[in-house]
Amino acid sequence: MGATEHVVVEGENKEGRKEDGKERVDEVVEQEKEGEKLDLEKGPVGAVVVEDSKGLERFEDERDHFHVSMLQRLNPTNPLRIVINGGTRVATPSPSQSSRFQPTPPPPRSQPRSTPTPQPSVTTLNSRRFTNKLALLLYLVHKVAAIALVCFLIFKGIQGLIDGSNPAKRKEERVLKYLLPQVEAASLLSITLAFAWQKALREWPQIMVYFILWCTFFMSLSAGILLICFQKPATDGVGVCFIAFAIGNGLYACWVSQRVGFCYKVLLKSLEPVDKFRDLNQPAYWMLGAGFLWMSLWILAVVGALNFYYPALVIIALLLSLCWTTEVMRNVVNLTVSRVIALYYLRGMQSDTQFCFQRALTRNLGSACLGSLFVPAIEAMRIIARGLNLLEGEDEFMFSCAHCCLNVMQSIFRYGNGWAYVQIAAYGKGFVRASQDTWALFEREEMEPIVDSDMMSAICFLTGVCSGSICVIVVAAWTAKVHQPFTATISLLAFFIGYLMTRIAMALPHACVSCYYVCYAENPENRLFDKTIKERLELIKAGRDVVVPTPRVPRRFTR
């Protein structure tokens, strides 16, 4: 009995599952008749094939029908939807996920495969390569030779002082007694004046721009008059040079009076980030200290050159080496300040001044050496070309090529200019490439009239001249009292020392103004910049603000 009941129950379960399967298939047939056809990526799906009643009775596996009926009731967004097409079960992704899971079909064979366009390399702010290695090697070789020459000449000087039978002993003793104290005093005075100029320019920029223009005029004129009063041929020649420069300085101060207001605004705005970096002046301290020590040894070498062959040529060589060395020191300070300020403008970073100083002394030193060698020469030739252009006249044949010379110098200026130090410091570019890229930025933003008429480089130059003139007045009066024959020589040395040391300290405001112009040209929409340059450009384009052009000789004087 138990076995019979079990068979009967199982048969009833089979019949129930068959009837349940028939009902679900009938529901699918009715949905197809109403027009609900499933469409997945291959167009309309064919009608669902429904087996007849005899086939349904002969189902071999009732579970298949059960699973089919359950899967038809799944959510349509489920990726495991099953479509019964021609009696075949196909698992396909849902339309919302087909684009995510289905691979992109390969392109037809007839179409050639497109080559990807190369993307431009992103300029890094942390370049580790050394720039201008050849210039760096040349400078290091020169420095080793200069140190060796200075040590040798100091040895010759000491030897001359010890050897009592040497006829040059008396001359060396006289030089040490009447020349060395004045030169050392000029060095200390120039360092003091350098930091005084820098501090005053940062505190009172508007007053100091006018003050530097006219103070340089009066100081150079006073130095020239003082030297002429000594009534010596050497001092008269040096004094005439000072007076001629004073006249040119006065004319320049009158000519640029319309630009002083804009220069003051740019200077005031560009010096704002300096307060965020308390140690930004430390590179200038180090360079001035090293400069003072080197000049002390240098003057001893000059004394020793008097006891050597061709003293005049040796002293000229020492002077050229001193100029290049101090110019490199100035540009090291320039590169350090430029990197700190440029990264602040471009990325909003507060960089470590010591790290930037080490970078300027190592990786970017080659660019500083190359720029120190060529930029002063290029700017001097450009000034000469502009001076010749002043004398240009329609009826003067000898000045017919003046305009051509000026254009040539403008072309050379694109490949080597002082604005390049910003991109050298920020991106680690070489000197020539940085000059080209920087000038291209100015051309893109149409800023050439503004940067070409910038006064900051002239202000720093005149500050050095003013310090040199003050050193000349002090040292010349001192020397004329103790030993007048050395007056002209010591006056020239004092002027060069005062000028060179002051330029090292003035590299900080000069670098700040350069960064302001170059970083504005790179990203004018930066929130750290105001509308000073933009408004100036709009006024120039509208013709309401005239950039002072290079003056010409009036036509009535050329006939």
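Buried here means under 20% relative accessible area, exposed means over 50%, and partly exposed is anything in between. Keep that scale handy as you click around, and remember that this is a predicted model.

**Stop 1: two ring pairs**

Start with Tyr285: at 47% relative accessibility, it falls in the partly exposed class. Now add Phe195, which is partly exposed as well, with a relative accessible area of 21%. The rings of Phe195 and Tyr285 make a tilted aromatic pair, with 5.0 Å from centre to centre and 55 degrees between the planes. Colour the helices and you'll see distant parts of the chain being linked: Phe195 belongs to helix H7 (residues 180–203) and Tyr285 to helix H11, 90 residues apart.

There are 23 aromatic pairs in the structure, so pick another one: select Phe152 and Phe308. Their ring centres are 5.4 Å apart and the planes meet at 80 degrees, so this one is edge-to-face. Phe152 is in helix H5 (residues 133–162), while Phe308 is in the loop between helix H11 (282–305) and helix H12 (311–347), so the pair ties together parts 156 residues apart in sequence. Phe152 is partly exposed at 36% relative accessible area, and Phe308 is partly exposed at 28%.

**Stop 2: a ring cluster**

Next, select Phe277, Tyr344, Tyr345, Tyr516, Tyr520 and Phe529 together; ring pairs link them into a cluster.

**Stop 3: charges over rings**

Show Lys143 with Trp294: the charged end of Lys143 sits over the Trp294 ring, 3.9 Å from its centre. Then try Arg536 with Phe262, where the charged end of Arg536 sits over the ring, 4.7 Å from its centre.

**Stop 4: the nonpolar core**

In soluble globular proteins, nonpolar side chains tend to be buried together. The largest nonpolar core in this model has 135 residues. To find your way in, select the residues with the most contacts inside it: Leu213, Phe442, Met447, Met455, Tyr517 and Ile533. Helix H12 gives the most to this core, with 17 residues.

Zoom in on Leu213. What does Leu213 touch, not counting residues up to four places away in sequence? You should find Asn249, Tyr252, Ala253, Val256, Val260, Met455, Ile459 and Leu462.

**Stop 5: a histidine in a loop**

Finish at His483, in the loop between helix H19 (456–482) and helix H20 (487–505). Is His483 buried or exposed? At 18% relative accessibility, His483 counts as buried. Display its contacts and, leaving aside neighbours within four places in sequence, you'll see Arg174 and Tyr178.

Note on methods. Residues numbered from 1 in each chain as written. Predicted model: local features only at pLDDT ≥ 70, side-chain atom pairs only at ≥ 80, totals over all residues. Heavy atoms only, no water. Phe/Tyr/Trp six-rings, centres within 6.5 Å; stacked < 30°, edge-to-face > 60°. Helix = DSSP H or I, 4+ residues; strand = E, 2+ residues; numbered from the N terminus. Buried < 20%, exposed > 50% of the residue type's maximum accessible area, 1.4 Å probe, protein only. Lys NZ or Arg CZ within 6 Å of the ring centre and 35° of its normal. Core = buried A, V, L, I, M, F, W, Y, C linked by side-chain atoms within 4.5 Å. Contact = heavy atoms within 4.5 Å.
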